[in-house]
Amino acid sequence: MAKNITLYSDGSSLGNPGPGGWGTILEFNGHEKELSGGNPNTTNNQMELQGVIEGLKALKEPCIVQIYSDSKYVVQAIEEWLVNWVRNNWKTAGKKPVKNQELWQEYLDVSKKHTIKANWVKGHAGHPQNERCDILARDEAERLR
C-alpha cells in the first residue's frame, strides 16, 4: 500500500529574477524532513516549482502525495493547466509558449509514479509548515545574494 505523504513547499526570489531559494517539508507518519536549495539567478515561480520537484525527488517509492503551496501558479498548473499544456505541445490557451517548460517537464518526470493532489494555502497567514518553508527559501536566497 502506498504511503501517504504531505509535501509543503515555498519559493523565494530576491529581485525576480535574482538570487532565489526553495524550502520543502515532507511529512510521513509523524516524521518531518526539511529540504532546501537555491539558484543565484532565478524567478519566484521557478523556485516555487523547484521546491515541489525536489520534494518529489526525495521520495524513494510511489506515494500518495498531498502538496501544499501558497503559489497559485504551481497549484493551478498541477490541477488544471498542465494536461492542456502537454496536449497543446507546450502552448498556453493563448497560444504562447509555456513559461518554465523545462521545469514542468522535470515535474512530470518525477511526479509520474505518484498520486498527487495540489492544495493552495494562503501565504504569510500563520500556517506553521508554510511559514517554515518560507524561512528556508528566504535563507537560501539571502545566502546567494
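These notebook entries record what I looked up in the structure above.

**Entry 1: Ground rules**

I worked with a predicted model, in which local features need pLDDT of at least 70 and side-chain atom pairs count only at pLDDT 80 or more, while totals for chains, interfaces and linings use all residues. Residues are numbered from 1 along each chain as its sequence is written, and side-chain values use heavy atoms, with hydrogens and water left out.

**Entry 2: Overall fold**

I looked up the secondary structure and found four helices and five strands. Helices (H or I, at least four residues) and strands (E, at least two) are DSSP runs, numbered from the N terminus. From that end, the order of elements is β-β-β-α-β-α-α-β-α. The radius of gyration is 15 Å, close to the 15 Å that the globule rule gives for 145 residues, so the protein is as compact as a globular protein of that length. For this, the radius is taken over C-alpha atoms, and the globule rule is 2.2 Å times the number of residues to the power 0.38. I noted that the C-alpha trace spans about 45 × 40 × 25 Å along its principal axes.

**Entry 3: Surface and contacts**

I recorded an exposed area of about 7800 Å², of which carbon and sulfur atoms supply 49%. Accessible areas come from the Shrake-Rupley method with a 1.4 Å probe, and for residues only the protein chains shown count as cover. Of the 145 residues, 46% count as buried. Buried means under 20% relative accessible area, exposed means over 50%, and partly exposed lies in between (1.4 Å probe, protein chains only). I then turned to contacts (heavy atoms within 4.5 Å). Among those between residues at least 6 apart in sequence, 65% join residues at least 24 apart.

**Entry 4: The nonpolar core**

I examined the largest nonpolar core (a set of buried Ala, Val, Leu, Ile, Met, Phe, Trp, Tyr and Cys residues joined through side-chain atoms within 4.5 Å). Which of its 29 residues touch the most other members? They are Leu 56, Val 65, Trp 104 and Tyr 107. Two or more residues come from each of β1 (3–13), β2 (18–28), α1 (44–57), β4 (63–69), α2 and α3 (101–111). Helix α2 gives the most, with seven residues. I also listed the contacts of Trp 104 beyond its neighbours within four places in sequence; among them are Leu 49, Tyr 73, Ile 78, Trp 85 and Trp 90.

**Entry 5: Salt bridges**

I counted a salt bridge wherever a side-chain nitrogen of Lys or Arg lies within 4 Å of a carboxyl oxygen of Asp or Glu. The count by this rule is nine.

- Glu 79 and Lys 117 form a salt bridge at 3.5 Å, N to O. This pair links distant parts of the chain, with Glu 79 in helix α2 (residues 72–87) and Lys 117 in strand β5 (residues 115–120), 38 residues apart.
- Glu 140 and Arg 143 meet at 2.5 Å, N to O. They are separated by about one helical turn because they stand three residues apart in helix α4 (residues 128–144). Glu 140 is buried at 13% relative accessibility, whereas Arg 143 is exposed at 55%.
- Lys 112 pairs with Asp 109, the closest N and O atoms being 3.0 Å apart. Lys 112 is exposed at 65%, and Asp 109 is partly exposed at 45%.
- Glu 54, Lys 57 and Glu 106 are linked in a network of salt bridges.

**Entry 6: A buried charge**

I next looked up Asp 10, in strand β1. How far from Asp 10 is the nearest side chain of opposite charge? That side chain, Arg 138, is 6.8 Å away, and Asp 10 is buried yet has no salt bridge. Here Lys and Arg count as positive and Asp and Glu as negative; His and the chain ends are not counted. Not counting residues up to four places away in sequence, Asp 10 touches residues including Trp 22, Glu 48, Asp 70 and Asp 134.

**Entry 7: Backbone exceptions**

Most residues other than glycine have a negative phi, and most peptide bonds are trans. I found a cis peptide bond between Asn 16 and Pro 17, with omega about 15°. Pro 17 is in the loop between β1 and β2. I also noted positive phi values in Asn 89, near 55°, and in Asn 100, near 65°. Asn 89 lies in the loop between α2 and α3, and so does Asn 100. Is each buried or exposed? Asn 89 is exposed at 62%, but Asn 100 is buried at 15%.
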